Amino acid sequence: MFHAIPYILSLIAAICAALPVLLLEPSRTQSAGEIRLVHLLVTWNPAITAILLALGLVLAARSFFRLENRAARAALLIPVAVLGLGTYAARVNVFEKMFAPLPDPGFVAAHQADFLSPHDLVLGVSLGDESKAYPVGIVAYHHIVNDRLSDEPFVVTY
Amino acid sequence: MWRSSVDGIELTFQLVGINNQNFVMADRQTGTWWQQVTGEAIRGPLAGKRLEPLPWDEVGFAIWRREHPRTQVLAGDPQHHDSYRLGLEAGDDSAGSRGSFPTLGLAAGTALPEEALIVGVELGGSAKAYPLELLAEQTPVGDTLSGEPLLLWVAEDGLSVRGFSRRLDDRVLDFVRPADDRALSGAEPIEPPTTAPLEGMPHAARDSPEATPWRAGGTLIDAQTGSTWSFSGEAISGPLAGRRLERLRVLKDYWFDWQAYNPRTAIYSGGRLGG
């Protein structure tokens, strides 16, 4: 039974890491409870998975030295690998990987915007006497642009 | 588009997931989750707060450039330019916002298809969705929502939609298209951008200048005074010259998305669907 603990820990880590992605599946409707659970998991997953990984490594090492059977020893690699993957996954924002962020938005003057035709839609914003245009064809790809205009911070979403 | 200061904290956002088919963003400063379409904090330390909307315009580049000659334009990341849908010609289908309106063939008694594009207006606690296809066909559309007389106007480019209040002082104006649109649009086409593009950015597909004039949005005439109004909502000639209509916030959206966040929305039927 003692030797099963690393497997159980790895299962917990896998569930913690996979649940947010599974629950936020785009084509379904999420309940308030689900959103609450996913937010909790995303917030605490880095800590939870790190603790599970540390525990799992210690226990797997103990099992390794106590087990006689070679195959059973080798099989301990499986929970260790799953724990490692879960710890990594908890630190990666899948949605940032799927939709490239635009951390350093570059701008040109209107007369240089040769990549646009008159028929390209733009999201336009004016603050003070400054104006910026965000081509829909660009923001529909990045979805979020954090920016400022006349020293006012704002976020462009699409 | 949202102002990103909340309680004096300047937030920066990243994508974090999807909720009810609309994306959720998280701020890096507090880890709070925000619903993109409503600007509402749904989980986390700032839950219950709302982002303040920043008025914005979704219009064709020609109109924006004419109205804001000194505008800066987001050029994006040349690494991703193959993924951008840019340099569209009239009638192209652009990412999420169509260059021409799909023909839905709306018939009496049929529900709006989920993917139908609508223009949503929220006013005084009421919400109403105007199918783009009907707006484009009937523009200018005068209507009343929560007692406020409003004008929805699709520009000459067939892409750009703006909403205005039809109330000016004590008067409520009715708008019609001028008999000769071309003669009255009052503006010569401006030159297309000619400077060489940024390194790595492709040129836009170029139609002939006559086919894609860099025009203004067109004009309307009010029935009460006969003044001529530009697409920016300013009277450019006639008794009301110099006056401005109050802009109303409108949102171009898919019907399913609008409906999810405005479950009690009314639908504009254009006098065709009854109701």
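**Contacts between chain A and chain B**

Between chain A and chain B, the salt-bridge count comes to two. One of these links A:Arg148 to B:Glu10, with 2.5 Å between the closest N and O atoms. All of this is read off a predicted model. Polar contacts add to the picture: 24 residue pairs across the two chains are in polar contact, both residues being at pLDDT 80 or more.

On the chain A side, quite a list of elements gets involved. Helix 2 (32-66), helix 5 (94-98) and helix 6 (136-142) each supply at least two residues of the side that touches chain B, and so do strand 1 (107-109), strand 2 (121-127), strand 3 (130-135), strand 4 (144-149) and strand 5 (152-157). Sorted by character, the residues on that side of chain A split into 39 nonpolar, 18 polar and nine charged.

Now for the extent of the contact. Chain A puts in 66 residues and chain B 74 residues. The size of an interface is often quoted as the accessible area lost when the parts come together. Here, about 6500 Å² is buried between chain A and chain B, and carbon and sulfur atoms give 61% of that area. Within chain A, the residues that lose the most area to chain B are A:Asp114, A:Phe115 and A:His119, which together make up 12% of what that side buries.

There is also some strand pairing across the chains. Strand 5 of chain A pairs with strand 1 (residues 2-3) of chain B in the antiparallel sense, over two bridges. A:Val155 has B:Trp2 as its bridge partner in strand 1 of chain B.

Technical notes: Residues numbered from 1 in each chain as written. Chains lettered and ligands numbered in written order. Predicted model: local features only at pLDDT ≥ 70, side-chain atom pairs only at ≥ 80, totals over all residues. Heavy atoms only, no water. Contact = heavy atoms within 4.5 Å. Buried area = accessible area lost by both parts, 1.4 Å probe. Salt bridge = Lys/Arg side-chain N within 4 Å of Asp/Glu carboxyl O. Polar contact = N/O pair within 3.5 Å; in protein donor to acceptor, adjacent residues only side chain to side chain. Helix = DSSP H or I, 4+ residues; strand = E, 2+ residues; numbered from the N terminus. Nonpolar A, V, L, I, M, F, W, Y, C, P; charged D, E, K, R; others polar. Pairing = 2+ DSSP bridges.
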